[in-house]
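Student: Could you walk me through this one? I have not looked at it before.
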Amino acid sequence: MGIDRRSLLIGSASGAGVAALGLMGLATGHFDSGAVEPLARDESFPKLPIGMNLAGISDWETGFPFKNLFWGARPWLTRNLSGSGPHDTRTQIFFQYDNDGYPLQVPVAAPGFAEPQTVFTYVPNVRKAGRYILLYDGEGEIDALAATKVISRKPGRLSLQMKHDRKLHEAVVIKRSKLGNHVRNIRLVAAEHEFSNLADNPFLPEFLEFCRPFHCLRFMDFASTNNSTEEYWQDRKRTSFYTMVAVAGDPEAIWGPAPTPFELKFSGGVAIELMIQLSNMLKIDPWFCIPHRATDDYIARFARLVREQLDPGLKVYVEYSNEIWNWMFHQAGWMLRSPLAGALVEAKGGKAWKDSAKTQGEGHPERIGALFRRNFAIWEREWSGEARNRLIRVGAVQAAWFDASKRTIQWCLDNGGLDAISPTAYIGPNDEIYAKWAERGPRLTPEQVIHDLQSELASRRKDNPGAQIVAFGRARGLKYVSYESGQHIQPKGQQDLPYNGALAAAQSHPGMYDLYVELLRFHRDLGCEMFAHFSSVGPQGTRWGSWGAKDSYDTPDADSPKMRALLNCNVPRA
């Protein structure tokens, strides 16, 4: 990932200051009996319920979960019919699209271009090499691009050869699509899945097996919560839409151009129905993050859909957006400027603005608390009666800033309540450790990396600021659940530094297993009732971080010490 998505800017209520990475988790660490003071431990594995954050959807990420590869297609790019000229002619606005994102006619004329324009897209290149089948409805002509090759074709069906080499692209192009019976309902599957019922089971077997042991699945990245442009229910992603890939953006155009109407068609990630279907198939509680811009109607319909379709034996965790205090995400700036948040605070007698014109917001913990309660109140109305016992209202807060977290939660408690307090539970280097790594440079070893984090956890046994947040919530009858947890090992500033090789090697080092066991023991001792690991899968050893429990869903657990520790410490599901 290209930015430090765990970094938090904190400080005053207006958001000044920077949180040290080493303070962001509640507890962290690894134990080396010969090097640091042993942590208190019993003879058994620490047992607690483990949840999992599911990786987001894209054509290049290893966390692709669907049999239909077209659900990982990028938003349409455009090119000249002959294939000559620019890679992307950027003529998307000259096409008309149906409600599922398919162009109604191809090719089309575009002002300033001598050639007719076609659409193409890249599809996932992270599966297995071999034969794939592309199926479609309507009349038209589809061809292959990049590493994808056509073996045979007939109306409605192409047989393709795909290399699935991560260094190469796989792509398809719609060269012709007949107006009135346009190309639509494209499915791209491995040959062995050609006759699968994708409606009954759209998920890859290895993805289902990966998810099966966990007690909860958090859909934050699955739904592309961060920087979401979703607002109105009628514009949400449906299962019939051609891709589950989202386009994020800032409709207020504070940090750049506002999303175009074409880009807004791709708001939202995976369709809500698919998240519910996955939960029902595996009998696992879902954890939903509501888009920050969602209207009251959107939230009510979301809650109603879940109530109507979710297995009645399952609970649902509900959170508002994600890290709405984290100024690297659009939702944080939106929160501080939001007239909605300001009005909610003022309605309860609070002060929400620095100026009479109401352009400069203040008191962001209260603003966040008010937005949390607005979301919870709508869900409470839709989940009244017996269903209310299945609703877990989660107040996700900053692990590093007790005052802000306390004020956010207190607002919720004073104005209708919530069920759980939820800081992160990460282990990562602090400034002192970073200085030590910089001094060692290329001489740093993975053993030293893990030892330094062992020491960090040992010190947090004695002085853990995050435990204060947990104690505050539990003293008020709230559950403690961690919305994101795990190792947070990355080079300082996500730079290419001489010691990066040791950080990468630490991810597969046997000591990582012990590190996770002790991290889990720490949070079990704090009373954690759900430890939601971030994240399911992803590249290991990059300078952007190594968030995945494994590299991919089919990576053997034997090669994944983080995954093995999570499974060994997980309370078995009934």
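The chat below goes through strands, rings, helices and a few unusual backbone spots.

Tutor: Before we start, please keep in mind that this is a predicted model.

Student: Okay, sheets to begin with. In what order do the strands of the open sheet come?

Tutor: The order is 2-3-8-5, with four strands forming the open sheet and an antiparallel pairing between them.

Student: And which strands stand at the edges?

Tutor: Those are strand 2 (77-80) and strand 5 (140-146), and since each has a single partner strand, one side of each is left without a neighbour in the sheet. On average, neighbouring strands of this sheet are turned by 35 degrees against each other, if direction is ignored.

Student: How many bridges join strand 3 to strand 8?

Tutor: There are five bridges between strand 3 (residues 117-123) and strand 8 (residues 170-177), and the two run antiparallel. If you want a place to look, Thr 121 stands opposite Val 172 in strand 8.

Student: What holds strands together like that, in general?

Tutor: Strands of a sheet pair through backbone hydrogen bonds, in either a parallel or an antiparallel way.

Student: Then where would I find parallel pairing here?

Tutor: Look at strand 17 (residues 528-533), which is mostly covered, with five of its six residues buried. Strand 1 (residues 50-53) pairs with strand 17 in the parallel sense over three bridges, and Gly 51 has Ala 532 as its bridge partner there. Strand 16 (residues 479-487) also runs parallel to strand 17, joined to it by four bridges, and in this pairing Ser 485 stands opposite His 533.

Student: Switching topic: how many aromatic pairs are there?

Tutor: The count comes to 36 aromatic pairs. One of them is formed by Phe 219 and Phe 222, a tilted pair at 5.6 Å centre to centre with 40 degrees between the planes.

Student: Are those two buried or exposed?

Tutor: Phe 219 is buried, with a relative accessible area of 1%, and Phe 222 is buried with a relative accessible area of 1% as well.

Student: Which pair links distant parts of the chain?

Tutor: Phe 302 and Trp 379 form a tilted pair, 5.9 Å centre to centre and with 55 degrees between the planes. Phe 302 belongs to helix 4 (residues 296-309) and Trp 379 to helix 7 (residues 364-382), so that the pair links parts of the chain 77 residues apart. Phe 302 and Trp 379 are both buried.

Student: What about charges over rings?

Tutor: The charged end of Arg 79 sits over the ring of Phe 120, 5.6 Å from its centre, while Arg 236 lies over the face of Trp 233 at 4.1 Å from the ring centre.

Student: How do helix 9 and helix 10 cross?

Tutor: The axes of helix 9 (residues 431-440) and helix 10 (residues 446-462) come within 11 Å and cross at roughly 160 degrees, which makes helix 9 roughly antiparallel to helix 10. Their crossing is right-handed.

Student: Last topic, the odd backbone spots. Where are there cis peptide bonds?

Tutor: One runs from Val 106 to Pro 107, with omega near 0 degrees, and Pro 107 lies in the loop between strand 2 and strand 3. Another joins Phe 534 and Ser 535, where omega is about 10 degrees.

Student: And which residues have a positive phi without being glycine?

Tutor: Among them are Ala 146, at about 55 degrees, and Glu 323, near 45 degrees. Ala 146 is found in strand 5 and is partly exposed, with a relative accessible area of 42%, whereas Glu 323 is buried at 2%.

Definitions and conventions
Residues numbered from 1 in each chain as written. Predicted model: local features only at pLDDT ≥ 70, side-chain atom pairs only at ≥ 80, totals over all residues. Heavy atoms only, no water. Pairing = 2+ DSSP bridges. Axes fitted to C-alpha atoms, helices over the stretch in contact; angles between N-to-C directions. Phe/Tyr/Trp six-rings, centres within 6.5 Å; stacked < 30°, edge-to-face > 60°. Buried < 20%, exposed > 50% of the residue type's maximum accessible area, 1.4 Å probe, protein only. Lys NZ or Arg CZ within 6 Å of the ring centre and 35° of its normal. Parallel < 35°, antiparallel > 145°, perpendicular 65-115°, else oblique. Left-handed = near helix turned anticlockwise from the far one by under 90°.
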